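Student: I have a structure open and want to learn how to read it. Where do I start?

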Amino acid sequence: MLIRKTPGLTHADVTPKTVYLNRRKFLRNAGLAGAVGLAGRGFWEPASAFAGTKLNVASKSPFSTTEKQNTYDDVTHYNNYYEFGVDKTEPSKNAQTLKAYPWTVSIEGEVKNPRKVTIDEILKLAPLEERIYRHRCVEAWSIVVPWIGYSFNALVKFFEPTPQAKYVAFESFFDRQQMPLAKYAGIDFPYVEGLRLDEAMNPLALLCVGMYGETLPNQDGAPIRMVIPWKYGFKSAKSLVKIRFQKDQPPTTWNRIASNEYGFYANVNPKVDHPRWSQAKERRIGEFLKRDTLMFNGYSDQVASLYSGMDLKKYY
């Protein structure tokens, strides 16, 4: 296929012809015609979620940090994804067994219209933004990544939780054939996580479908994941297959395994140490010297009000 370079356009401005032709079919068959109204004038045609597919990004988010980004190589070769190995370098070698397309996500529980949606439908719910977020892992390392997605609250508003919904539970994909190394991980699968509904509604909570202008690589959570930048990385569940709105606080994988080490909230807090190491400092991938850990990973202005009056040492 011949691609002409047009001045003013970027690699994110290309839409596959098949997606363009099938747009109305997707919306009509799925009952998602209202998504166009939700997206407004900034609606963009996203590419199908094959690994490495370029994504149309409507804008760079004002939530983005101005800090130096880590390289694509950094972010794709140093990963926590236990389904593909417990060593940080293993997921990049082993995650190619994941079949990330076609893909569906089940929206369940206390919502007015529970049903399964495809990744293509999810891509159409709101304009995609690039958000350059700090990302802090509980093991005291950090990265800066140009994620692509939109605020999770766009999905929440579209599916309309009932008044009984107080929490959102997330479940990651698991298949022993595609993830044979999971048996050595020492944790239960599928991986599960959760947020309070008001946390999930915060604009910073990102429903993420890509990074660096493209769809997500498998080892980074393809084809759809959460990114919660003010919480430790294990809260940002990868390869989502189920999103459930519910009344009660959901169980979460690491809290269930070691509740003294991994709290439900998992907010980045330099004053609350992990039992086996301090959280006061962090090392940015690619840097030698450590830096101070920031409260809420530097997002206090946006999220501190969510925890007003809470003892953040008790609710860690």
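Tutor: Start with the element names. Helices are DSSP runs of H or I with at least four residues, strands are runs of E with at least two, and the numbering goes from the N terminus. Keep in mind that this is a predicted model. Now place a residue: proline 190 sits in the loop between β6 (167-172) and β7.

Student: What is the peptide bond from phenylalanine 189 to proline 190 like, cis or trans?

Tutor: Read omega. For phenylalanine 189 to proline 190 omega is near 5 degrees, and the bond is cis. Another cis peptide bond links tyrosine 101 to proline 102, with omega at about 0 degrees. Proline 102 belongs to the loop between α4 (90-94) and β2.

Student: Next, the strands. In which sense do β2 and β3 pair, parallel or antiparallel?

Tutor: Count bridges before you call it a pair; DSSP must find at least two between the strands. Strand β2 (residues 104-109) and strand β3 (residues 115-118) have four bridges, in the antiparallel sense. Five residues make the hairpin connection from β2 to β3. Threonine 104 has threonine 118 of β3 as its bridge partner. Serine 106 faces lysine 116 in β3.

Student: Which sheet holds β2 and β3, and in what order do its strands come?

Tutor: Read the order across the sheet, not along the chain. Here it is β3-β2-β11-β6-β7, an open sheet of five strands with mixed pairing. An edge strand pairs on one side only; here the edges are β3 and β7 (192-196). On average, neighbouring strands of this sheet are turned by 20 degrees against each other, direction ignored.

Student: What pairs with β4?

Tutor: Take the partners in turn. Strand β1 (residues 59-60) runs parallel to β4, and two bridges join them. Serine 59 is opposite glutamate 129 in β4. β5 pairs with β4 in the antiparallel sense, over nine bridges. One of the residues to check is arginine 134, whose bridge partner in β5 is valine 144.

Student: How many residues of β4 are buried?

Tutor: Start with the general idea. In a regular strand, side chains alternate between the two faces of the sheet. Then apply the cut-off: buried means under 20% relative accessible area. In strand β4 (residues 129-137), nine of its nine residues are buried. Both faces are covered. One side carries Glu129, Arg131, Tyr133, His135 and Cys137. The other carries Glu130, Ile132, Arg134 and Arg136.

Student: What happens in the turn between β4 and β5?

Tutor: Look at phi. The hairpin has three residues between the strands, and alanine 140 there takes a positive phi near 75 degrees. Alanine 140 is not a glycine, yet its phi is positive. With 14% relative accessibility, alanine 140 is also buried.

Student: Where is asparagine 297, and what is its phi?

Tutor: Use the same reading. Asparagine 297 has a positive phi of about 60 degrees and is not a glycine. It lies in the loop between β13 (291-292) and α9 (300-303). Its relative accessibility is 3%, so it counts as buried.

Student: Back to β5. Is tyrosine 150 buried or exposed?

Tutor: Compare its value with the cut-off. Tyrosine 150 is in strand β5 (residues 141-151). Its relative accessible area is 3%, so it is buried. Now list its contacts, leaving out residues up to four places away in sequence. Tyrosine 150 touches Ile122, Leu125, Ala126, Pro127, Leu128, Ala205, Leu206 and Leu207. Take proline 127: it is 23 residues from tyrosine 150 along the chain, but their C-alpha atoms are 6.8 Å apart.

Student: Last one. What volume does the largest pocket have, and which residues lie closest to its centre?

Tutor: Read volume, then lining, then chemistry. The volume of the largest pocket is about 510 Å³. Its lining has 33 residues, and those closest to the centre are Asn80, Tyr81, Gly233, Phe234 and Lys238. β4 and β5 are the elements that give two or more residues to this lining. β5 gives the most, with three residues. By type, the lining residues are 19 nonpolar, seven polar and seven charged.

Key:
Residues numbered from 1 in each chain as written. Predicted model: local features only at pLDDT ≥ 70, side-chain atom pairs only at ≥ 80, totals over all residues. Heavy atoms only, no water. Axes fitted to C-alpha atoms, helices over the stretch in contact; angles between N-to-C directions. Buried < 20%, exposed > 50% of the residue type's maximum accessible area, 1.4 Å probe, protein only. Contact = heavy atoms within 4.5 Å. 1 Å grid on protein atoms, 1.4 Å probe; cavity = no way out; pocket = protein on both sides within 12 Å on 5 of 7 lines; lining within 4 Å. Points joined across faces, edges and corners; volume = space filled by probe spheres on them. Nonpolar A, V, L, I, M, F, W, Y, C, P; charged D, E, K, R; others polar.
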